[in-house]
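Q: I would like a close look at one part of this model, with its surroundings described afterwards. Please keep to what can be computed from the atoms.

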Amino acid sequence: MSTYPFRTLEEKWQNYWTKHQTFAAAQKSDLPKFYVLDMFPYPSGAGLHVGHPLGYIASDIYARYQRHKGFNVLHPQGYDSFGLPAEQYAIQTGQHPKKTTGENIARYREQLDKMGFSFDWSREVRTSDADYYRWTQWIFIQLFDSWYDLNQDKARPIDDLVALLHDGGTQHIAAACDEDTPELTARQWEAMLPDQQQAYLLHYRMTYLAESEVNWCPELGTVLANDEIINGVSERGGYPVVRKKMKQWSMRIAAYAQRLIDGLEAIDWPQPLKEAQRNWIGRSQGATVVFALQDHKEQIEVFTTRPDTIFGVSFLTLAPEHDLVSKIVTPEQKEAVADYVMATAQRSERERMADVKTISGVFTGAYAQHPLTNAPIPIWIGDYVLAGYGTGAVMAVPCGDQRDYDFAKHFGLPIPLIFADVSIEEQAYTLKDPCIIAESDFLNGLNYKMASQKAIEALEEKGKGSGKINYRLRDAVFSRQRYWGEPFPVYYKNGLPQMISVASLPLKLPEVEVYLPTQDGDPPLGRAGQWAWDETNQKVVEIERINNTDVFPLELNTMPGWAGSSWYFFRYVDPANDQEFASQQALNYWQQVDLYIGGSEHATGHLLYSRFWVKFLCDRGYVSIDEPFKKLINQGMILGESAFAHRDDSGTNFLSADLIKGVSTQPIHVDVAFVSSANELDVEAFRQWRSEYQSATFALGQDGTFKVTREVEKMSKSKFNVVNPDDICQQYGADTLRMYEMFLGPLEQAKPWSTAGITGVHGFLKKLWKLYHSGPEGGFELSLKPASPEALKTLHKTIKKVTEDIENFSFNTSVSTFMITVNELTAMKCSVKEILEPLLILLSPYAPHIAEELWQKIGHQSSIAHEPFPIFDPIFLKESSKAYPISFNGKMRFMLEMSLDLSPKEIEEIVLAHEKTQEQLQGRIPKKVIIVPGKIVNIVG
C-alpha cells in the first residue's frame, strides 16, 4: 500500500517552484493585479519559531487563492536587515554586522523555503543593501528639499518657498515650521547672505536639525523612539533610558496629523489599531493661553481643552525639562529644582505618562500673572507634564482635573471651586456636561460650550490667547547614534547641512574597527578613517583632508530602523530599477498593497511612519496613492507552553511539582526540549544545561519522576519555550504545519501551541493520500465514471464553505471542512476524477505540496498554482426528496421519503395509500389532511 511520502514530495515541489519561477509576478499583464504583503522580518540569529509563520501562512493561502481566481499576484518577501541586535553582536565579537546579517538571512531563507511559501523571491529586498538604501537616502533628500504649505495642505518643493519669500517675504506664507521662525519682508530675505538664507530655510524644511529632548540609552549608545521603550527600559536588552537634549534630525510628521486621522476612514484596518493611531495623534480642541511672568520678560504659553475653567487656575506646572525652568527658578529653590530635574531625566516619557499614582513636584519660587485678573499664580514643575506634548506647560485647575487635584491636595495648594452645585470634597469634577460655571465673573451661569466660547473671545480681545486645535503627535526624531543603519546623505559646510548630489548616491557605510561611540562621545561613524566629503570630486575621502574649503565632515549619525521600512513596499514593484525607486508604470499598475498582514505592535511605529512617507511622496507627485495599505489584518500570537522546575528557598534543592503544595518555591524556566509530553523533566539534561544546576538536588515525586509545571505565555527564546518549525516539517511535513497553524483558531486571536494536536492534522493528510490510492495494492487510481449526487453535493458544499472562509479569512474552519469532506468521500468510497480533481485545487492554498503531487499523478504536466478555482453551483445542494414526518392528530407515527417536486394533492394521495396510514385509520375517512410542502403531513380525524 502507498504511504504518504511527505518529505520527498515536499522537497520535490519546492525545487520545482524555484526552477520554474512558478510564483514570479508578471510586470506587464492584462490580468487584474492583487498585491499581498507580509511585514518583512528582521533576521535575528535565533531564526524562526512556529509563532512566526502564522501570518505568512495566512497571506500565502490568500495569495494562492487569488492566483486561482485569475489575478496577477505580487507576493514578495525581503528583510528589514538594519537593526540593533547585529550591532550589539558586533560590539561583543567584532564580527561585522553585514556578515552576521547575511548568515541570519540565509538561515531565514532556508526555513521559509521549507514551509512552501509562494513568495516571488526574484523581488527580494534587504534594507541594508546599498542598492536599496540609495533610494532611502534619495527620499531623505526630497524631504530636506520640501516644506509643508498649510494653505494648500501639502508638501511642496523648497524652491516654491524661496520664490514666495522673494516676492513677499513671510506675509502670505502659512507653513508648518519651527515656533521661533522669524517673520521677514522680501527686502530682508534678499538682504541675507546665501548661508543666512540656508540657515533660515532650516526652520521650514520637512526634515531639519533641532535641539530636542530624546530618549538616550547609554548602554546601547543611541537614541530610542517612544515605541522602542517598554516600562522605562529599552525594548532591546532592557537597558535604562534617560531623557537628555541632543541635536537631532527630525521629521515634520506633525504637519500631517489631521490627514493621518482623516485617512483612517478610507482604509480597511482593525478598529483597535485605528483607535491606537487616533489616540497617538491625539487631536484636541481648545485654546492657547498666555501667562506673563512676574519679574521676567518671558511668557508661558499653555494649551487647554477647557478654556471655560480659566478662573479656576490656581497654579501652573511646567515640565521639569522646560527651557524656562532654569531661567525663572529663584536662588532659594535652585538646588531642589536641580535635584528634581535630574531625577526626572531617569524616567522615560511613557513611564511618566503611565504612572498616575506617584505625585511629585517642586515649587520654582516664581510667579505668573493670571491673563484676565492679573492675580499671581505660583509656578511649579512636575513630571506629569511632558516637554514634548503641547507647550510643556499646563494651567492647573484642580477642581476640574484629577491630576491637578491630587497635586494640589498633596502640596496644600488652593482648589477654588468654579462649578455650580457640585462637590469636590473627595475628587475633581471632570464632566463637561452637565456643567454650569460659577465664581467666574462674566462666565457665571454658562455651560461648557458657551463659557469656552466667551473665554476665548475675552483672551483674544486682551491678546492673551486664541482658539486652537492641538495634536499630541510630535515631530519624529530621525537620528540614531549607531553604526548599522543608513548613512545620512549629508555633509556640513560652514556648520550648515548640505545634501550630497543624487548622482553620488548611495553614500555607503564606511568600515570601522570598533562599533562603539568614540572617546569624545561621537557615534561609531566618528571612528571611520574615510568619512569626509570632497565637494569638488563628489566622493568620500579621508577625514584628515577636511579643510572646510572643498572637503567637509559627513554626518556621523545614521537613520532609524523605520527609515527603510517606510517605503519598502514600493521597491518590490520594481526592485532592479537603478534609475528611480520604482518606475511610474510599475507604481501605477501595482498601486496600494491590497492585503497587508502583520502585528498590531507596529500601530504607532512602522504603520504610522509609512503612512506619513506615502502621503509626502504623493504630495510631491512621486506616487499616485496617499495610503500604502488598503486592507490590514493583525494576526494573533501563537503562545508557548513554558515549563517550570520549582526550587525551594535554599536555592539548591528542586522539588517535583507534586511535592510543592504548601511549600515556598521559586519557579525556574526549563527548556521545553528537556520535558516529555507527560511533563517529566530529564534531570541529567537539565543539570548539564547550566553550571549552577550541576550540584543541585532533585526531590522526585511518588512515581520516581521529576514533574514540572506548565504555563502558557509568549513564545520566546528567553522563556525557553520555542518550538522550531524545522522539527515539525521534518517529523510531519510542511503541509501539516501550515494546516495545523490555521486549525489552531481564528487568525486574529492568540492561541497556545500544543504539539499534541498536530497528529490529527497529519492523519487527515494521510487519509487524503489514501483516498487517491484506491487501486490494487494501494496504487493511484481515479475513475472516469460520472459522480454520484451525494459526491457532487459534498464537493459543492466544500467549494461554497472554503470560498467563503478564505474570503472572510476564517482559515481554521476551512481545515475542519476539509476533514469532513475527506471523511464523507472515504465513506462513499469515492474515487471519481470529477470530484477528486477539483478538490485538489480547493486544498492547494492550504497544503500545496500534496496538492501538486496528486495533481501531477492525475496526468497534468504543469503546476496546479494557476488552475481556475472551482465555482460553486447551488443546484447540487438542492435536495430532491424529503423525509416527511407523517402525523395523526398531531402525533408523529412514521417517516416517509417523497420527492420535493410533488404537488400537495400528489403528496396526499401517496400518504393516504401507504400501508402504515391504512393501519392508523383502520377504515376511517380522515376529516382533513394538512400538508406543508417540504415540511410535514398531518392527518386529522
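In which strand is the place of I230?

A: The model is a predicted one. Within it, I230 belongs to strand β8, which covers residues 229-230. I230 counts as partly exposed because its relative accessibility is 42%, and partly exposed is the class between under 20% and over 50%. Along the chain, I230 and E351 are 121 residues apart, yet 8.2 Å separates their C-alpha atoms.

Another strand residue, N72, can be set beside this. N72 sits in strand β2, residues 72-74. N72 has a relative accessible area of 7% and is therefore buried, the limit for that class being under 20%. A polar atom of the N72 side chain lies 2.9 Å from the backbone oxygen of A26. A26 also appears among the contacts of N72 once neighbours within four places in sequence are left aside; the others are A25, S29, L31, P32, K33, F34, Y589 and W590.

Strand β10 gives a view of a whole element. It spans residues 242-251, and seven of its ten residues are buried, so the strand is largely enclosed by the rest of the structure. Strand β6, residues 207-217, runs antiparallel to β10 and is joined to it by ten bridges. In this pairing, T207 stands opposite M251 of β10. β10 also pairs with strand β18, residues 476-477, in the antiparallel sense, here over two bridges. There, S250 has V477 of β18 as its bridge partner.

Definitions and conventions:
Residues are numbered from 1 along each chain as its sequence is written. This is a predicted model: local features need pLDDT of at least 70, side-chain atom pairs count only at pLDDT 80 or more; totals for chains, interfaces and linings use all residues. Side-chain values use heavy atoms; hydrogens and water are left out. Helices (H or I, at least four residues) and strands (E, at least two) are DSSP runs, numbered from the N terminus. Buried means under 20% relative accessible area, exposed over 50%, partly exposed in between (1.4 Å probe, protein chains only). A polar contact is a pair of N or O atoms within 3.5 Å; within protein, one must be able to donate a hydrogen and the other to accept it, and residues adjacent in sequence count only if both atoms are side-chain atoms. Contact means heavy atoms within 4.5 Å. Two strands pair if DSSP finds at least two bridges between them.
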